[in-house]
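Here's a quick tour of one model, from its ligand site to its rings and cysteines. Have the sequence and the 3D view open as you read.

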Amino acid sequence: TGSMGGGCPFHGDGGVRALLGRTNKDWWPDALDLHILTQGGRSPDPMGEDFDYCEAFNALDYAALKADLKALMTDSQPWWPADYGHYGPFFIRMAWHAAGTYRTGDGRGGASSGQQRFAPLNSWPDNGNLDKARRLLWPIKQKYGKHISWADLFILTGNVAIESMGGPVFGFGGGRKDVYEPENDIYWGSEEEWVDEGVETRIIPDEGKALENPLAAIQMGLIYVNPEGPGGNPDPLQSARDMRETFSRMAMNDEETVALTAGGHAFGKCHGAVPADQLSGSPESEALQLMGFGWATDAEQIEKGHITTSGLEGAWTPNPTQWGGDYFRLLFKYEYELVKSPAGAQQWQPVDPDPEDMAPDARDPSKKVPTMMTTADMALKMDPDYRKISERFRDDQAALDDAFARAWFKLCHRDMGPRVRYLGPDVPSEDLIWQDPVPTGRVASDTAVDIFKDKVLRSGLSVRELVKAAWASASTYRKSDHRGGANGAHIRMEPMKSWAVNDPEELGKVLAKLDELRDDISMADAIVIAGSAAVEKAAKDAGFDIAVPVTTGRGDATEEQTDAESFEPLEPFADGFRNYLKTKASVKTEDMLIDRASLLGLSIPEMTVLVGGMRALGAVSKHAKHGYDIGVLTDRPGQLTNDFFVNLLDMGTKWATVDESGDEEFVGTDRASGEEKWHATRTDLVFGSNSQLRAVAEVYAENGNEEKFVKDFVAAWTKVMDADRFDLT
Ligand code: HEB
């Protein structure tokens, strides 16, 4: 159905591209290339660096906006009339698909940057016709301008839609700042086809095929599962298996999954009135004069409601614009039989429905049509664990109300980080465990900090140990969902304290000592202060008197505030900054360094100077096999020198692979004498081999730049230590 237009534009360059995932350029080779205009760090963001979205949002007439949104729900437009005269269900689907791309694996996806406006999401088959939903919102976006981002508007509109149909809502937090370009850092998969072109499903247990990390959708182009069942096979139990896997990667358990799906499908309908091959291409591939619309349907057909989106057809309940218990009532009241929609999709229909259990026609309420269920809906009845929950919700509407409202709130806010980042009058005051709540900390006095620093440096703990502990604590931060970081001192709890990357025994010793010395400084602050004191000492030992600034005020989370299991996805498979590799990934190990740097929000120079500095400090994870450190290319570890770069770029050294290491390890020998000098990893050598990284490494190895190196290191270090200090801004 031409989501991309014919042919496979994939020309492999060694297969690496496929492993790194397919990009918009692969899908739409003819698309306008704006990328050359962002070279040299020129921003595509028209709002400029000084624009403060929090300030703009706080000046928003929030009540007026909500009233306008409510009025929009029933303000049907002839170019895309509202089913049943109410756009609510359509907008809920828009909001759910905006939020539903979130995955715990790397924290990417989700509603927080308004990505549904851009490729590939604007053109995913699963997002079919949501281009119309966004365009219906344009007059309101235009009216409120900078005071409401698209990203916030998508979610707020979903909330208002639920409320306007009598549904339960738990709250709304604003603060999602729009971006103005597609997010190229998100790996959506390496398949060359999309769901509507018959791409294989990603979970096939019989063939030992499991869902690749961090993906959370079952086929390319879907938000989660295929409504018709795995790969189009209408098997509710296999669908349940896929739902459980994909929803858990969205941080949803069984109860939340059931509540969300049933609650969502209390509203609206599926669209599959005409065969899909009558549709035009997706927005990204369509003719200019369609002005960003895709899936073009004839105006006359639109008016009649002859629309195809998913290809399935029909409403779930007799009251598709009214919240209530009809979904479960019908699901359990009737036997359902497999039928085909007019567009040819597999779906389920009640056998012999009572007339009052028929649904109204979307355009003509006097006409009655059968209701339906997707195979994924049938999973809520057929899977034994889902069924128990479904029966409970059928019998206890209040329980469903509460579970749906909470799960919806979580769905829409999961990627926003701590509650201090939420804006607006509807922010719920209750702390929720998935927000990783941290008690407000106390600012320590300069004297207290100095006394503590002094004690730490005389404690016998080494620079390397202190730097590693601080890095371990702060570097879990990921800007994708604003989780992790030094605040809360989660590092002293499971699972973080036992991660191999953290050298648990050494870390345990360091944390115990810091705890003993810290007086009333919070543990979270103590870890950062100690690391920063160590950096100061290391700079001093290298001949540079420089202060490493620390901003105290971090709090310590309690065990009760910490959902240990939810922190597991934060464990790094590789941390190039500490020269650590847990398991070799399908991508190169140096790609993993770039990925971590990206999640930390670092620039190329920041990443480079941090790697070089950490190596000089000896702050590498203990090598699993060897007794010696790898990548510490200096004779004086513990001093903040640029030795790593100087030695790496030295032509006197010849590098060769260590065969047994599978291309992960290298040995450097003296070119003249053949004497063994250094051991290094891919992550080290990439700063000499990659031309762009080498250019930056050269800057730091140059005479006269020694002080610049130290200053840049301290600035990048401080940036990482403070990455999660939303309380400061
Ligand atoms: Fe849904 C719709 C599927 C979940 C909400 N969905 C829909 C459709 C389908 C589906 C197929 C149709 C589309 C068209 O238009 O055609 N879902 C599904 C699946 C899942 C889901 C498979 C997983 C299991 N949903 C969900 C959730 C939510 C929802 C979670 C929320 C919460 N949906 C929804 C809505 C709708 C839908 C509201 C309607 C829309 C309209 O009406 O437009």
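## A stacked pair of rings

F91 is buried, with a relative accessible area of 0%. Keep in mind that we're looking at a predicted model here. F90 counts as buried too, at 14% relative accessibility.

How many aromatic pairs does the structure hold? The count comes to 33. One of them joins F90 and F91, and this pair is stacked, with 6.4 Å from centre to centre and 20° between the planes. Those two numbers are the usual way in: a pair of aromatic rings is described by the distance of the centres and the angle of the planes.

## More rings, and charges over them

Five residues come together in one aromatic cluster: F51, Y53, F57, Y62 and F172.

Rings also pair up with charges in this model. R244 has its charged end over the ring of Y386, 4.3 Å from the centre of that ring. Another arginine, R421, lies over the face of F726, and here the distance to the ring centre is 5.3 Å.

## Around the ligand

There are 24 residues around the ligand, and the ones that come nearest are L260, H265, K269, H271 and S310. Three of these deserve a look for their polar atoms. S310 places a polar side-chain atom 2.6 Å from an oxygen atom of the ligand. In H271, an N or O atom of the side chain is 2.6 Å from a ligand oxygen. K269 uses its backbone instead, with an N or O atom 2.9 Å from an oxygen atom of the ligand.

Which elements give two or more residues to this shell? They are α5 (88-99), α8 (236-248), α9 (254-264), β1 (269-270) and α14 (397-413). Of these, α5 gives the most, with 5 residues. By type, the shell splits into 15 nonpolar, 7 polar and 2 charged residues.

## Cysteines without partners

Now for the sulfurs: a search of the whole structure turns up 0 disulfides. Why does C270 have no bond to C412? The sulfur of C412 is the closest cysteine sulfur to that of C270, but it's 20 Å away, so the gap is too far for a bond. For scale, the cut-off for a disulfide is within 2.5 Å.

C412 doesn't do any better with its own closest cysteine sulfur, which sits in C54 at 19 Å, again too far for a bond. As for their surroundings, C270 counts as buried at 9% relative accessibility, and C412 is buried with a relative accessible area of 1%.

Key
Residues are numbered from 1 along each chain as its sequence is written. This is a predicted model: local features need pLDDT of at least 70, side-chain atom pairs count only at pLDDT 80 or more; totals for chains, interfaces and linings use all residues. Side-chain values use heavy atoms; hydrogens and water are left out. Buried means under 20% relative accessible area, exposed over 50%, partly exposed in between (1.4 Å probe, protein chains only). Rings of Phe, Tyr and Trp (its six-membered ring) pair if their centres lie within 6.5 Å; planes under 30 degrees apart count as stacked, over 60 as edge-to-face and the rest as tilted. A charge sits over a ring if NZ of Lys or CZ of Arg is within 6 Å of the ring centre and within 35 degrees of the ring normal. A residue is near a molecule or strand if one of its heavy atoms lies within 4 Å of it. A polar contact is a pair of N or O atoms within 3.5 Å; within protein, one must be able to donate a hydrogen and the other to accept it, and residues adjacent in sequence count only if both atoms are side-chain atoms. Helices (H or I, at least four residues) and strands (E, at least two) are DSSP runs, numbered from the N terminus. Ala, Val, Leu, Ile, Met, Phe, Trp, Tyr, Cys and Pro count as nonpolar, Asp, Glu, Lys and Arg as charged, and the others, Gly among them, as polar.
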